[in-house]
Amino acid sequence: MTLLTTLEALAIDGAEMPLDALPYARHLQLHVRRTTAGLVLRMAYHAALIGSPIPPRLHGGTLGGLLEITSTLAVVLARGPVPEGASAFPKPVNITIDYLRAGGVHDVLAKADILRIGRSIANVRAVAWQEDESRVIASAHMNLLVG
Amino acid sequence: MTEITLQLAINHTPQLAALGGHYVNHGHFEDGRAWVELALPYGAHLIGYPDTGVIAGGAIYTVMDNACGMSVAISGAAAFEINGTIDLRIDYIKPATPHRTVMAYAECIKLTRRIGFVRGFAYHLPSDDGDGHAGRDHPIAVVNGTFMRQGPRP
């Protein structure tokens, strides 16, 4: 099963699935579920995500990694099948993360909005939050090469 | 801050240690601005592209963020300042080569009263058998970021 077919097979508003197919996503303990509004990723809190121990704060890099994978998977699902021999993954060009609030010792959720997929570039915005979706802790914009 | 103390502070960062990243070196320019270099050895848990074994951008991003923050932390008059990332941009110039260590170099380019401006890049060390596409002139990624100064460490 390819990544695309795995994502497509997720039932809308069904159970979440661990992203174990991607070793780095497994390292972050990412899970994905599909909603009517698109994919929602969850990074399960565990002590290895901490960047600054006193007081305990999530490492900003883990939020970057989460938002990058959230953006990438949204593009994988939105662009659909790729020609045989082409990479299953769009190529990351760049990503900028804004940090709005410190990440506490809780799970983090993330979702992405695709502004546009052109012939070459996908332009994506993504946000991450913890207990309250209206309190965004980190926001990203990412460009990916799709063709 | 002594080399040993900075090394301990970096190497005891839980997420950096979990990735396998570690301190390599640091120094100061004549005007007090600092640079920091970390390393991220290759590991199977870092893979973001299972079809090629290339590591995830997020792993490089994390080590760069860490190096950038540390360069600001030791650029002020105090031995070590707390700071928080305001924003960080990374351009992925080329994929990291599987099985090779990623070096993460960052320097504070300007420290104002409140903000530290940083730039950095990730690269591979040239291998012993000669490698025309490694070294600092052939970055894997470049970053630019800003950090909020939050005072000396209590």
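Biologist: How many salt bridges are counted between chain A and chain B?

Modeller: The count is 0. A salt bridge needs a side-chain nitrogen of Lys or Arg within 4 Å of a carboxyl oxygen of Asp or Glu. This is a predicted model, where local features need pLDDT of at least 70, side-chain atom pairs count only at pLDDT 80 or more, and totals for chains, interfaces and linings use all residues. Residues are numbered from 1 along each chain as its sequence is written, chains are lettered from A and ligands numbered from 1 in the order in which they are written, and side-chain values use heavy atoms, without hydrogens and water.

Biologist: How many residue pairs are in polar contact between chain A and chain B?

Modeller: There are 15 such pairs, both residues at pLDDT 80 or more. A polar contact is a pair of N or O atoms within 3.5 Å; within protein, one must be able to donate a hydrogen and the other to accept it, and residues adjacent in sequence count only if both atoms are side-chain atoms.

Biologist: Which elements of chain A each supply at least two residues of the side that touches chain B?

Modeller: Helix H2 (23–28), strand S4 (50–52), helix H3 (60–79) and strand S6 (91–99) do. These are DSSP runs numbered from the N terminus: helices are H or I of at least four residues, strands E of at least two. S6(A) gives the largest share, 8 residues. By class, this side of chain A has 16 nonpolar, 11 polar and 2 charged residues.

Biologist: What makes S6(A) and strand S5 of chain B a pair?

Modeller: Pairing takes at least two DSSP bridges. Here 5 bridges join S6(A) to S5(B) (residues 81–92), and the strands run antiparallel. In S5(B), Asp91(B) is the bridge partner of Asn94(A).

Biologist: What area is buried between chain A and chain B?

Modeller: About 2300 Å², with 57% from carbon and sulfur atoms. That is the accessible area (1.4 Å probe) lost on putting the two parts together, summed over both. In chain A, Tyr24(A), His59(A) and Tyr99(A) lose the most, together 25% of what that side buries.

Biologist: Why is the meeting of Arg42(A) and Glu16(A) called a salt bridge?

Modeller: Their side chains meet at 2.6 Å, N to O, and the cut-off given above is met. Arg42(A) lies in strand S3 (residues 38–43) of chain A and Glu16(A) in the loop between helix H1 (3–8) and strand S1 (17–18), so the pair ties together parts 26 residues apart in sequence.

Biologist: What about Arg149(B) and Glu81(B)?

Modeller: Their salt bridge is 2.5 Å, N to O. Arg149(B) is in strand S8 (residues 141–152) of chain B and Glu81(B) in S5(B), so parts 68 residues apart in sequence are tied together.

Biologist: Why is Glu81(B) called buried?

Modeller: Its relative accessible area is 5%. Buried means under 20%, exposed over 50%, partly exposed in between (1.4 Å probe, protein chains only). Glu81(B) therefore counts as buried.

Biologist: Where does Glu16(A) fall, buried or exposed or in between?

Modeller: At 31% relative accessibility, Glu16(A) is partly exposed.

Biologist: Which class fits Tyr49(B)?

Modeller: Buried, because its relative accessibility is 15%. Tyr49(B) sits in strand S3 (residues 47–49) of chain B. Leaving aside neighbours within four places in sequence, Tyr49(B) is in contact (heavy atoms within 4.5 Å) with Phe89(A), Pro92(A), Val54(B), Ile55(B) and Ala56(B).

Notes: Nonpolar A, V, L, I, M, F, W, Y, C, P; charged D, E, K, R; others polar.
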